[in-house]
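Here is a short briefing to read alongside the sequence and the model. Take a moment to look at both, then follow the helices through the points below.

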Amino acid sequence: MPGYRQHLLGGTVSFLALYHWGPSILQASPESPSLIFVAFCATLIGSLFPDIDTKSMIQMTLYQALFLFFVIAIFMNSWHELLICAPLSIFPLVVHHRGIMHHPLFLIALTTAACGFITIYKDISPSITFFIGSYFIIGCLSHLLLDFGFSHTKDRFLLKNKK
Ligand SMILES: [Zn+2]
């Protein structure tokens, strides 16, 4: 089972591959180099993200970030964000390791929904959320490839039900 260092390395390789050989919309330099840096960070986070369903570095980091977010949200009276994030924060604790959080279609749907929500709710350009979301997804897929190998990941994509 690969550790977080292998997943971060896989995320780095997948970032470089998508940036250099991906569709032109994802390689064309956006105006800001900081956006590329954010895309790189999104890829690295995506490369660890599926393991939020088990005791791992990413799960601990997620809950530390959520705690900070909840404190800030309470101070800023952001009750909508709290009401949305509080139930979602329980989700990783109730799913099985390498279950739905390691399913490529679920991860793509979750990322798409999150990008749509951020685009609408935070009024950020859809091209930016699509750009960042694509890198996050490629990071998630690199995680699945390292966990399961190509054949099993492909089977999961095609909903062939092998554990
Ligand atoms: Zn995993």
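The axes of H6 and H7 come within 9 Å of each other and cross at roughly 170 degrees. H6 is therefore roughly antiparallel to H7, a label used for angles over 145 degrees, while those under 35 count as roughly parallel, 65 to 115 as roughly perpendicular and the rest as oblique. This is a predicted model, in which local features need pLDDT of at least 70 and side-chain atom pairs count only at pLDDT 80 or more, while totals for chains, interfaces and linings use all residues. Residues are numbered from 1 along each chain as its sequence is written.

**How the terms are used**

- Helices (H or I, at least four residues) and strands (E, at least two) are DSSP runs, numbered from the N terminus.
- Axes are lines fitted to C-alpha atoms, for helices over the stretch in contact, and angles between N-to-C directions run from 0 to 180 degrees.

**H6 with H7**

- On the H6 side, the residues that meet H7 include Pro104, Leu105, Ile108, Cys115 and Thr119; two residues meet, or are in contact, if their C-beta atoms, placed from the backbone, lie within 7 Å.
- Among their partners in H7 are Pro126, Phe130, Phe136, Leu144 and Phe157.
- By class, this contact of H6 with H7 has 14 nonpolar residues, six polar and one charged; Ala, Val, Leu, Ile, Met, Phe, Trp, Tyr, Cys and Pro count as nonpolar, Asp, Glu, Lys and Arg as charged, and the others, Gly among them, as polar.

**H1 with H3**

- Helix H1 (residues 4-21) packs against helix H3 (residues 33-48) at an angle of about 140 degrees, and their axes are 8 Å apart.
- H1 and H3 are therefore oblique to each other.
- The crossing in which H1 passes H3 is right-handed, meaning that the near helix is turned clockwise from the far one by less than a right angle; anticlockwise would make it left-handed.
- Tyr4, His7, Gly10, Gly11 and Phe15 are among the H1 residues that meet H3, where Phe40, Leu44 and Gly46 are among those met.
- Six nonpolar, seven polar and no charged residues make up the contact of H1 with H3.

**H3 and two of its residues**

- H3 has 16 residues and reaches 23 Å from its first C-alpha to its last, close to the 22 Å expected at 1.5 Å a residue; the expected span is 1.5 Å times one less than the number of residues.
- Buried residues in H3 include Ala39, Ala42, Thr43 and Leu48; buried takes 20 or more other C-beta atoms within 10 Å of a residue's own, exposed 12 or fewer, and partly exposed falls in between, with C-beta atoms placed from the backbone.
- The buried residues of H3 pack against H1, H4 and helix H7 (126-157).
- Is glycine 46 buried or exposed? Glycine 46 is buried, with 27 other C-beta atoms within 10 Å.
- Beyond its neighbours within four places in sequence, glycine 46 is in contact with Gly11, Tyr135, Phe136, Ile137, Ile138, Gly139 and Cys140.
- Phenylalanine 37 also has its place in helix H3, and with 10 C-beta neighbours inside 10 Å it counts as exposed.

**H4 with H5**

- Helix H4 (residues 57-75) has 19 residues and reaches 27 Å from its first C-alpha to its last, close to the 27 Å expected.
- H4 and helix H5 (residues 79-94) pack at an angle of about 160 degrees, with their axes 11 Å apart.
- H4 is therefore roughly antiparallel to H5.
- H4 passes H5 in a left-handed crossing.
- Gln59, Leu66, Phe69, Phe70 and Ala73 in H4 meet Glu81, Leu82, Cys85, Ser89 and Pro92 in H5.
- Seven of the residues in the contact of H4 with H5 are nonpolar, two polar and one charged.
- H5 is hardly covered, with one buried residue among its 16.

**Positive phi values**

- Asparagine 77, just after H4, takes a positive phi of about 55 degrees.
- Aspartate 123 has a phi near 55 degrees, a positive value in a residue other than glycine.
- Aspartate 123 lies in the loop between helix H6 (104-121) and H7, and with 7 C-beta neighbours inside 10 Å it counts as exposed.
- Leucine 159 has a positive phi of about 60 degrees, although it is not a glycine.
- Leucine 159 sits in the segment after H7 and is exposed, with 9 other C-beta atoms within 10 Å.
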